[in-house]
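Please look over the sequence and the model shown here before reading the report, and keep both at hand while you read.

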Amino acid sequence: MCGIVGIIGDEAAAPLLLDALKRLEYRGYDSAGIATVDEAGALARCRASGKLRNLERRLGAEPLTGTTGIGHTRWATHGAPTEDNAHPHTADGVAVVHNGIIENFRALRTMLAANGATFHSETDTETIAHLLAQHLARGEDVKTALLNTLGALEGAYALAFAFAGRPDLLAAARVGSPLAIGLAEDCVMIGSDAIALAPFCDEIIYLEDGDLALVGRDGVSIYDRNGEIQSRPAMPVPMEVSVAEKGNFRHFMAKEIHEQPEVLTHTLSHYIDAASGELRADNVPIDFASVRRVSITACGTAYYAGLVARYWFESLAGLPVDLDVASEFRYRSQVLAPDELALFVSQSGETADTLACLRKCKEAGQQLAAVVNVRTSTMAREAGIVLPTLAGVEIGVASTKAFVCQLATLAAVALKAGVDRGTISPDRARTLVGELLEAPRLVAEAIRLEAVLQRTARRIAPATTALYIGRGPSFAIALEGALKLKELSYIHAEGYAAGELKHGPIALVDDNVPVIVVVPHDEFFAKTVSNMEEVAARGGRIIALTDRAGAAALGDALEEVVVMPDAPAFIAPIVSAVPMQLIAYHTAVLNGTDVDQPRNLAKSVTVE
Ligand code: M6R
């Protein structure tokens, strides 16, 4: 999603803004721009469609001077990714950059045009610049004009403003979309997240919803919606975000796949005391004995983690589970009972739809728990209970290490639920904990299949459609595999419950369609094999991912059998996630797509 940066300091702003924007590239964008205010107060801007290198080239030819400025990477929502629609947008000495969506922008635009404003873009953001300019033109001071402007906006926004004639001032505001202020000895910065600010700042202040910050060279004043001064804590920059580098890997995604054994170990050690083999119950402060139902809400890959967790909560704890994608949950008229646990899964902790669901459940008085990777995120701050995944910063748009850590966390939580509810005996719990602790080792073994999976990718790369099937928890992994393939390689891929194939999708099968079957030798094995036979009978090109027992049972009749590490059924989904990632990664590399920033996608989806 759009990235925002701002700086007010002693050094030339444009190169610093460009550096900070580069650190936000991972969020996904399709145009970019910078505006600066020079010492004489002149406001100037430079914008370009496409990648930051286009903006960099422009800035080389027409440098921007001044030590105060704002910058933006735009992920298009209103209007194509053209230079005219790129931010900053300006009106009468006001420049603004925006992440979010202004829902009432059409009404505002009509009103502003009637008052004489001329628009130069199709964006919702330009209305904010005109609105603020009109308030300032009425003689309102900057703070009042900003509060009046923000008061008229409906929707979600993180905003940064610069002002002609005011090289000593920037402003920032947020509702819904995240925004932070970075503090350093020689500058104050604004940034969408800690990653943008980390190399330049010592401390970070996370703005709260409704905050307006006036940023000067010497510090920041923060006000609430009513203009009352607020105090927000400054926190040290998290170490992990400073070191978001690719190392020796060609892509962040490859690095993140290879980090999985280590980050799984970190995550598991938060939930399990490896020495005693006991669950760390204090880190899951939920009394499941008094929970009647669990609802799990998430988007994309995080939703598939929730889908695996549903099998675990049902089988280990006998708990009924409702599972929803957040964009549907937020508008359903479901009954939200107070004795239910509302569980939200999100890597970023900022996904707009998931956050809206969290707030909906909070309003209904439910107990809330958030499985999040970013501990300073809005979800982490607003949920009563935070269940952290310790995956470290994930930069690749395709979620990999965060997914396996979500699975590990949810597995530990489901085990705790089973213990609390007495649905698993202490002995069984100990066995399952022992199995869970094996996950990092087995994931490392799965990563060692990379060369084999690279060959699999060669078979998939020329295809235009691929199907992924599985049963039970492997159905969730099939869905995840299909999502990974389509988002990275742009090959049309669908995941199906294996038993569902004959109810429609089998019509797609011919000898050009790879059918990737996730089929460990578990209780569903024989059923899935029957479904594979239906595919084979129609000329489908089966690629089976199984374990040693499965491979022995399948024999050598199939085009390709990938033998995954033998994993206990409980943790098999964590292990089989890895081949899904490696197949998608290598197919994308072969097809030459942008692995870390696939087209049209954003890392943190902060708009609805
Ligand atoms: O930050 P979140 O986990 O809430 O993000 C949810 C989805 O946007 C995310 O998992 C998305 O599906 C990934 N691109 C998948 O790789």
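The report below deals with the ligand and its surroundings, and then with two details of the backbone.

## The model and the ligand site

This is a predicted model, and the space that the ligand takes in it is the largest pocket. The shell around the ligand is made up of 14 residues, and the closest of these are Ser346, Gln347, Ser348, Thr351 and Glu487. Sorted by character, the shell holds seven polar residues, five nonpolar residues and two charged residues.

Two domains contribute to this shell, since domain 2 (246-437) and domain 3 (444-608) each provide at least three of its residues. Among the helices, H10 (300-317) and H18 (473-489) each supply at least two residues of the shell.

## Polar atoms close to the ligand

Oxygen atoms of the ligand lie close to polar atoms of the protein in two places: an N or O atom in the side chain of threonine 351 is 2.4 Å from a ligand oxygen, while for glutamine 347 a backbone N or O atom lies 2.6 Å from an oxygen atom of the ligand. A nitrogen atom of the ligand, in turn, is 3.2 Å from a polar backbone atom of valine 397. The ligand taken alone would expose 410 Å², and the protein buries 91% of that area.

## Two details of the backbone

Most peptide bonds are trans, and most residues other than glycine have a negative phi. The peptide bond that runs from histidine 87 to proline 88 is cis, with its omega near 0°, and proline 88 is placed in the loop between strand S4 (68-74) and strand S5 (89-91).

Aspartate 92 is not a glycine, yet it has a positive phi of about 45°. This aspartate is found in the loop that lies between S5 and strand S6 (94-102).

Methods
Residues are numbered from 1 along each chain as its sequence is written. This is a predicted model: local features need pLDDT of at least 70, side-chain atom pairs count only at pLDDT 80 or more; totals for chains, interfaces and linings use all residues. Side-chain values use heavy atoms; hydrogens and water are left out. A residue is near a molecule or strand if one of its heavy atoms lies within 4 Å of it. A polar contact is a pair of N or O atoms within 3.5 Å; within protein, one must be able to donate a hydrogen and the other to accept it, and residues adjacent in sequence count only if both atoms are side-chain atoms. Accessible areas come from the Shrake-Rupley method with a 1.4 Å probe; for residues, only the protein chains shown count as cover. On a 1 Å grid over the protein atoms alone, a cavity is a set of points where a 1.4 Å probe fits but cannot get out, and a pocket is an open set with protein on both sides within 12 Å along at least five of seven lines; lining residues have an atom within 4 Å of a point. A molecule sits in a cavity or pocket if more than half of its atoms lie within 2 Å of its grid points. Helices (H or I, at least four residues) and strands (E, at least two) are DSSP runs, numbered from the N terminus. Ala, Val, Leu, Ile, Met, Phe, Trp, Tyr, Cys and Pro count as nonpolar, Asp, Glu, Lys and Arg as charged, and the others, Gly among them, as polar. Domain bounds come from an automatic or database domain assignment.
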